[in-house]
Each structure stands twice: as structure tokens, then as C-alpha cells.
Amino acid sequence: MPITSLLTISWKKFFSQVGVYLRERRTPWRLRILVSFFRGFFKNPMKALRYGRHLTVEMKSVLRFNLHLHGLVYLRIFYEEAGLLGMTPFFFWGTLLGYVREKSFLRHDYDLDLAILAKDYARIDRLIGAMKNRGFSLRLNVPYKLSFWAPGGLLYLDIDLVYPFRRQMITSMPSERDGHICAHSFETSSLEPLRQAFFLNSLQIWIPNKPERVLKKIYGQWRIEKKAYDYEAGPLNVIKDAESLGIGLRSFTEWSQTRP
């Protein structure tokens, strides 16, 4: 094996171990950012320098850097584990927008967004266990939504549950701000049946049946780039009176008791 390959393996192992140390010892934030940059640099120097120019102590800039440097790797792990469980998670929200509009991750995005249909919900506990075995940790686990921290704790992967409600497909979750139910509606035909596609010409993924219609429902003029976006108030399909319609913890309980 060439000496350069040995050096590469050595550096990768070194920064992997440093990443474990940082997570366990709660090392200062600036040092975690520095290690994150060097991990990215040894993986892809040009890309690391490109996105590293905007790297600051602000959390979103760090998440954004890790999305573009390591996002594909973490997506591949997630799809491997979900596939072994027979699940079909599909691109959603900003990750779907990046796939359709830019054929990549959005330049200003900072997380991974996926969703699952109701038929896959029964396997969610097994998915959590499988992801923990791959180095992920649980960031959020509430009705309708699941979120993982990727290894290193500097990028997260969100999973929304999409379930049927009054001839529509609904996503909903308790607001992280005040606890009210934040819900959004979609036409069933725009989501199902799911379709397979390739992301960045290498990873086989699932996408909604009609992704452009999904994006139009959320963003309206989705072809126009908007850097500032509020996931609770921004979507055009937000349901402002979700509780009054019966969307919430009670409807989730009733649905989950009768799921396949």
C-alpha cells in the first residue's frame, strides 16, 4: 500500500478518535469547530476551504459546513439501516428542495430533512437502535417527529411522520417554541406512491411521487432562492388551527392504535 494511503488512513483514524474524545469530554466549542474543519479538510480540501470561509462560532454555520462535507456519508448510513428494516424514508423540506432545484444540498441549508409514511412508524424503535449502533444519538423523539445528531454532534437529521387525516396527508409536531401543534397538509397523490431516484449520482433514495407539487405546496415559488425561512410560519401549507381540527396528541394516539 502506498505511504500516502497509510498517512490518509492514519489521519482519518486520528480525527475520528478526537471526535469521540470531544463528544465525551465536552471540549470547548471553538476546539470542536477546529477539529470539524480539519476532518472536512482531510476528506475534501477544496470543498472544506470553500465552505470553511463562512465558518464561525455561530451554530448554523458549523452545521452547514458539516452538511456539505459529510451529509452524503450520513445519508448513506441512514438509508442502509432504514433499508434493512424495510422502510422507505423520502427526501422532504429543504433536502427535497436541494435535490430538485440544485441537484445537491442547498447552499444555505444546515440539516438533513426526511420523512416516513404511516406504514413505517411501527419500525421506529428498531431504527433508533440501529442508528445508535452506527454512532448517532437521539436529539428529539416526540409524536410525529424524530431527530438524530450525527456522529460528532455537529449535524442533525430530522425525520417527519406523514400520516393520513381527512383525505389529506399531514405532518405535525409540538412547537419547539411554545408547545402548540405545528401542522402542514399535502395532497395524497403528490406524495404517494413514492419513487426511487439517485442523489449526487451515487446514493439511491426515495422522493415523493410529484416533488414539484410538494415544493409548490410548501414554498410557492420554490425556484426562487430564499435564505431566511421559518419552518413554523413560512410554509404556505401551514395549518394555523391544527388543534381545533383535532390534529394533535389525541389524533396521533387514535391513529397509532390502529396502524397496520
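This report describes the overall make-up of a predicted model and then turns to selected local features.

## Overall architecture

The protein has 260 residues, of which 49% count as buried. Its secondary structure consists of nine helices and ten strands. Among contacts with a separation of 6 or more, 59% are made by residues 24 or more positions apart.

The exposed surface of the protein amounts to about 13,700 Å². Carbon and sulfur atoms contribute 55% of that area.

## The bend in helix α4

Helix α4 spans residues 59–84 and contains 26 residues. A straight helix rising 1.5 Å a residue would reach 38 Å, but the end C-alpha atoms of α4 are only 33 Å apart. The helix also has a kink of about 65°, and H70 is at its centre.

After α4 comes G86, and the phi angle of this residue is positive, near 75°.

## The loop between α5 and β2

Several residues with notable features belong to the loop that links α5 (93–102) to β2 (112–117). K103 is in this loop. Its phi is near 55°, a positive value in a residue other than glycine. With a relative accessibility of 58%, K103 counts as exposed.

S104 also lies between α5 and β2. S104 is partly exposed, its relative accessible area being 23%. Although S104 and L200 are 96 residues apart along the chain, their C-alpha atoms are separated by 6.3 Å. With residues up to four places away in sequence not counted, S104 touches G98, Y99, F199 and L200.

## D111, a buried acidic residue

D111 is placed in the loop between α5 and β2. What is the nearest side chain of opposite charge to this residue, and how far away is it? That side chain is R139, at 6.5 Å. D111 is buried yet has no salt bridge; the cut-off for such a pair is 4 Å between a side-chain nitrogen of Lys or Arg and a carboxyl oxygen of Asp or Glu.

Beyond its neighbours within four places in sequence, D111 is in contact with L67, T95, L155, Y156 and D158. L67 falls within the residue range of helix α4 (59–84), and D158 is in strand β5.

## Salt bridges and the K145 network

The count for the protein comes to ten salt bridges. One of them joins the side chains of E102 and R101, with N and O 3.2 Å apart. E102 counts as partly exposed, at 23% relative accessibility.

K145 takes part in a salt bridge with D158, in which the closest N and O atoms are 4.0 Å apart. K145 lies in strand β4 (residues 145–149) and D158 in strand β5, so this pair ties together parts that are 13 residues apart in sequence. Both K145 and D158 are buried.

K145 also meets D160 in a salt bridge, with an N to O distance of 3.1 Å. Because D160 is in strand β5 and K145 in strand β4, the pair ties together parts that are 15 residues apart in sequence. D160 is buried, as is K145. Through shared partners, salt bridges join R139, K145, D158 and D160 into one network. R139 is thus a member of this network and also the nearest side chain of opposite charge to D111.

## Further backbone features

The peptide bond from E192 to P193 is cis, with omega near -5°. P193 is found in the loop between α7 (188–191) and β8 (195–199).

R166 has a positive phi, about 50°, although it is not a glycine. This residue sits in the loop between β5 (156–165) and β6 (168–174). Is R166 buried or exposed? Its relative accessibility is 60%, and R166 therefore counts as exposed.

Conventions
Residues are numbered from 1 along each chain as its sequence is written. This is a predicted model: local features need pLDDT of at least 70, side-chain atom pairs count only at pLDDT 80 or more; totals for chains, interfaces and linings use all residues. Side-chain values use heavy atoms; hydrogens and water are left out. Helices (H or I, at least four residues) and strands (E, at least two) are DSSP runs, numbered from the N terminus. Buried means under 20% relative accessible area, exposed over 50%, partly exposed in between (1.4 Å probe, protein chains only). Lys and Arg count as positive and Asp and Glu as negative; His and the chain ends are not counted. Contact means heavy atoms within 4.5 Å. The expected span of a helix is 1.5 Å times one less than its number of residues. The bend at a residue is the angle between axes fitted to the seven residues ending there and the seven starting there. Accessible areas come from the Shrake-Rupley method with a 1.4 Å probe; for residues, only the protein chains shown count as cover.
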